[in-house]
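The exercises below are meant to be worked with the sequence and the three-dimensional structure side by side. Each one sets a task and is followed by a solution that proceeds step by step.

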Amino acid sequence: MKQTFKRLSLLVVLALGALVLVGCKTTVTTTEAPITDAPTTTAEVTTQKQDLNALGNFAASVDGVYTVALDSASGLHFTYAKGTNAGAYLQKSVSNLGGFNTLAITVAAAGTFKIELVAGEDTLAVSISSTSAASVYNWNLKNDQEVLANVTELRIYAAPDKEAATGELNFTVLNFTTTLAGAAGEFIINTGDNRIPTNTIDYDGSDEVNILAKFQNNDEGVYAFTYNADGSTTIDYSKAGYSWAYFYNEFTAMPSSLTLLKLVVKGTAGTQILVKPDDNVGGDNWYTIQTTDAEETVYIPIPAGVSKILFFVNPNSEANGTVTFVSGTISAGTVTKTEAGAVVSGYVDNGDGKYTITENAGVASVAYDLPAGGWSYFQAFTSSKASAGLGTLCLKVTVNGVAGAQVLVKLNNQLETWYTIQAADTDESFLITGDKLPVYLERILVFINGGAAAATTGTMDLKIEVVETPVEQTTVEYDGESAIVDANGYWVDGGNSAFTFVQNEDNSYTVTVNKVNSQYAYFKNEYTGFDDVQFVEMILVVKGTAGDQLGFKPNDSNDYMEYLTFNGEVQMFVFDIPADMAKLIIFFNINDASATGEFTIYSLEMIGEADTVTGFTSNDEGVYTISEGEEYTSVAYAKTGAWQFMGVSDLSIPAGSVLGIMVKGTEGDTILIKLNDDNAYQTTVTLNGDVQVIYIDSVPASITSVYMFVNGSASEGSGSFIFTMGYFESPKPVDTNKYVSGDSFDVNHYWQPNDVNEGAYTVADNGDGTFTVTALVAKGQWSCFITKTSGITDSDFQYVKLVVTGVAGSQILIKPNDASEVWVNLTGESQIIYAPIAVKGNDFTKVVIFIAPGASITETQDLVITSCSLVKGVLVSEDAYVTNFDTHETTTVSVDGNNVSLAFNHTSGDWKYVKAFVNGSSEGLVLQVTVTSSDASMLLVKLNDQLETWVTITDGSGSATISGEKLPADMSSILLFVDGGVAEASSGTAVVTLQWVQAPTE
């Protein structure tokens, strides 16, 4: 049985077995409802009134206010400049509107508008504020039939009742329909609704919008606003009981060109202000400001056509206090990435006069006079945006000053890098990279001798420039073959300039530590090429000052964190590593933020699984007394002649292996190790009194025996030593599906039986992408087989999609992540199964499958797995959610992805349809329906042959979103009627797109 290499450090390896929990069996049986001859609404449809497209033929009530770019049946697109004409509108004649229930409106521009339906002195009206994105509104006219029947005119007012307003509107749909409001969209408005906010900042056409006006409270009374004569706004807040209370601005008709918010704030040092344009929750365009007693200037990118900006003062706190918005403007521009070669300039003292700064050719010459314990700083402002820090760029900081002076560079008043000047009057440089760079770099603060116990004076030259991150060889690379990898090298400081490295002649490394106010300073090396192989441990040989401590964090993961305390001697330390080793982070005295010290790393190797070589016996009786322990073998020897030895035979160590020996014995003793009793394969080791690790990779094709001679040529002598011997094979391929990217994730690899009931399953790779799993369930009625996953960064996967063929009459149980359960009765044919995923993202680690769970049968069963993948919104398609299509007197039906193409030929009053058989739950989903056809006027979608939704086809297309009471919990069928029951014969083609998507969160 495979083991990890025994540890001379007396570490105990605990093997934790994975137990798959089996939940209660739940069998869901669905019975298909019978198909009726016609939908229940047949009589209504045959008398249904045709929709009325109200676009086209508009005229202006006042010349020069509206400039119309498009006025046709396909759209109404215009700009406006109201001037003094607050009541100007566009109008057209309409009639015979009685019987229509809804006016569907689609508009794609930011602005406000009112639509009036005029019937003499009676009017019907709604007022709407739209965003820059296409928005759909459904005006409910069901209760307005008496006035609607007499309407003669339709009017559109842009920026109703406002003078001097400018902007544009783009209507793509104005459609009167008999469909009740809500069937074709989620934005329902009723007659008389006014959706235009009143306390808003209305865009007036200027290049800059002042936001310091018309602030509103989200929770009444929490924030109080004083609009000062100098243009600033003072905000007093008392948040008792309202930790997440906020205030906000609302905007109307903001153009897409204004995308940069400049905000100048002042408040008590340490106050935080969270700014969230349009209540964005992803962090892509919101910013947290940390105030000081001085004014702070920040630049924040905002979405095009912003409609609202939220401000949280000290979020998640019930604090009270005051902040001042000195100025706040939205203007054109973006926060742009600083390019390589840029030099930071414009340094200013923080206001206490402790620094005198002059700049010349990018170098800031700083004279300082600092009190004891002071934290004075000087600063510069910048604007840069990148997806992560500065992308491929970093900051290079060059200093020249007093030896021993400490420099703290703090980005955005948050991310810190310390550096100690080593020599006077010498240019010294350090880089700020990686996690020390913020997403948005707005401000750079520089402290000299911050918090120093004594007052200091001096001068320093400083230059901060943007450079490309140096490309250095900083990775341990795997050659694809070795069973042991030398990982001692490519050491890099973690960014705090706390560690320096000297490579010695024996290839060991001396590490010098000088931490300055950086508790979690670390150094690291990185690893490439280890994704597809599995090394399991690292063996470290190291020496340091007794009491000092190292912390090891493979892959920066707390799951693998281990500590070693130095004892002043050479020590060997073994620690576990993950399969996909990418980096090793090492801390020094992690609880001491200002620790100093030195230690030496003699060796660091990565190893795979090992078989321990045991069973040694003394060849000459009484010479070697051998005691095998849990972690090492102890040997006492008393020699009576030369070349007496101990050994083990009858080994079968495969070719290509590496023999490893860990040994500790009396300094000066020698041990000769001889393989296969062949002089060509012998190695002599001289002991040094410390732990030694020896690897022998020049070995015969296979090893059958190992002999060990202590002080071989000596004819007498006694002593003792301890050792562990093992052989390492090349590491096995990693048995985990690794996620990279994409909307689906193929996990049909690395299927393996569980370890509970050995022999219950065998897995065969068929070589064509499919797997055959053979189950002998008598060996384990609740045994399972699994495939593992790792690194899933996308939390939107909703289902495991499984395509299998099994024994008719048997069952399988699918448990995504060993959590939710789906039971399936096998038919003997290929079946598509969807199992909901309850555990999201990187917490999803496996797919578990049981064949004939709980059954008491003795014959083997085969299950062929054609595909297995994680998918997002489930598509209604031939190869996904739908198992079969059935036509009812339709001519042809074909499926391409989620598009169902229908060719139809109906006589008058026909109710011909196509049916899709569906297997699954619609919980948490909505069904999106889109139809395109130049030959049809309507589509009826009927779920489970009961719940109906009509889709009107206007200008060749129509759409609907089915949710709520129109969507059954358990789907069994979808019926599609094209022009069902129309009074006239019709024929042609239609393409219906059906797609499940995640229901929006209210």
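**Exercise 1. Pairing around strand S17**

Task: Work out how S17 pairs with strand S24, and how strand S16 is joined to S17.

Solution: The model is a predicted one, and the pairing described here is read from its coordinates. Start with S17 and strand S24 (residues 320-332), which pair in the antiparallel sense over six bridges. One point at which to check this register is Ser238, whose bridge partner in S24 is Asn320. Next, turn to strand S16 (residues 223-227), which runs antiparallel to strand S17 (residues 233-238) and is joined to it by five bridges. Here Tyr227 stands opposite Thr233 in S17. Finally, follow the chain from S16 to S17: the two strands form a hairpin with five residues between them, and Gly231 in the turn has a positive phi of about 95°.

**Exercise 2. Confidence and overall make-up**

Task: Decide which stretches of the model call for caution, and summarise the make-up of the protein.

Solution: The average pLDDT of the protein is 83, and 86% of the residues score at least 70. Over residues 1-47, however, the pLDDT is below 50, although the stretch has 103 contacts in the model beyond near neighbours in sequence. A further stretch, residues 385-389, also stays under 50 in pLDDT, and the model has 11 contacts for it beyond four places in sequence. Where pLDDT is low, the predicted coordinates should not be read in detail, so contacts there are best left uninterpreted. As for the make-up, the protein has two helices and 79 strands. Of its 1002 residues, 48% count as buried. Among the contacts with a separation of 6 or more, 75% are accounted for by residues 24 or more positions apart.

**Exercise 3. The order of an open sheet**

Task: Establish the strand order of the open sheet of five strands, and identify its edge strands.

Solution: Reading across the sheet gives the order S2-S5-S10-S7-S8, with antiparallel pairing. The edges are strand S2 (59-60) and strand S8 (122-130), each of which pairs on one side only. Within the sheet, strand S5 (residues 90-93) and strand S10 (residues 153-158) pair in the antiparallel sense over four bridges, and Leu90 stands opposite Ile156 in S10.

**Exercise 4. Three residues in strands**

Task: Classify Ser127, Ser869 and Ala764 as buried, partly exposed or exposed, and list their contacts outside the local sequence.

Solution: The cut-off needed is that buried means under 20% relative accessible area, with partly exposed reaching up to 50%. Ser127, found in strand S8, has a relative accessibility of 9% and therefore counts as buried. Beyond its neighbours within four places in sequence, Ser127 is in contact with Phe113, Lys114, Asp193, Asn194, Arg195 and Ile196. Ser869 lies in strand S69 (residues 861-871) and, at 14% relative accessibility, counts as buried. Its contacts, with neighbours within four places again left aside, are Phe745, Asp746, Val747, Tyr799, Val800 and Lys801. Ala764, in strand S61 (residues 761-765), has 35% relative accessibility and so counts as partly exposed. On the same basis, Ala764 is in contact with Thr770, Phe771 and Thr772. The C-alpha atoms of Ala764 and Gln752, which are 12 residues apart along the chain, are separated by 9.5 Å.

**Exercise 5. Strand S75 and its partners**

Task: Explain why S75 can be called largely enclosed, and describe its pairing with strand S76 and strand S78.

Solution: Six of the six residues of strand S75 (residues 938-943) are buried, so the strand is largely enclosed by the rest of the structure. In a regular strand the side chains alternate between the two faces of the sheet. In S75, Met938, Leu940 and Lys942 point one way and Leu939, Val941 and Leu943 the other way, all of them buried. S75 runs antiparallel to strand S76 (residues 947-952), to which six bridges join it, and Leu939 has Val951 as its bridge partner in S76. S75 and S76 form a hairpin with three residues between them, and in the turn Asn944 has a positive phi of about 55°. With strand S78 (residues 970-978), S75 pairs in the antiparallel sense over five bridges, and Lys942 stands opposite Leu975 in S78.

Key. Residues numbered from 1 in each chain as written. Predicted model: local features only at pLDDT ≥ 70, side-chain atom pairs only at ≥ 80, totals over all residues. Heavy atoms only, no water. Pairing = 2+ DSSP bridges. Buried < 20%, exposed > 50% of the residue type's maximum accessible area, 1.4 Å probe, protein only. Contact = heavy atoms within 4.5 Å. pLDDT = per-residue confidence, 0-100.
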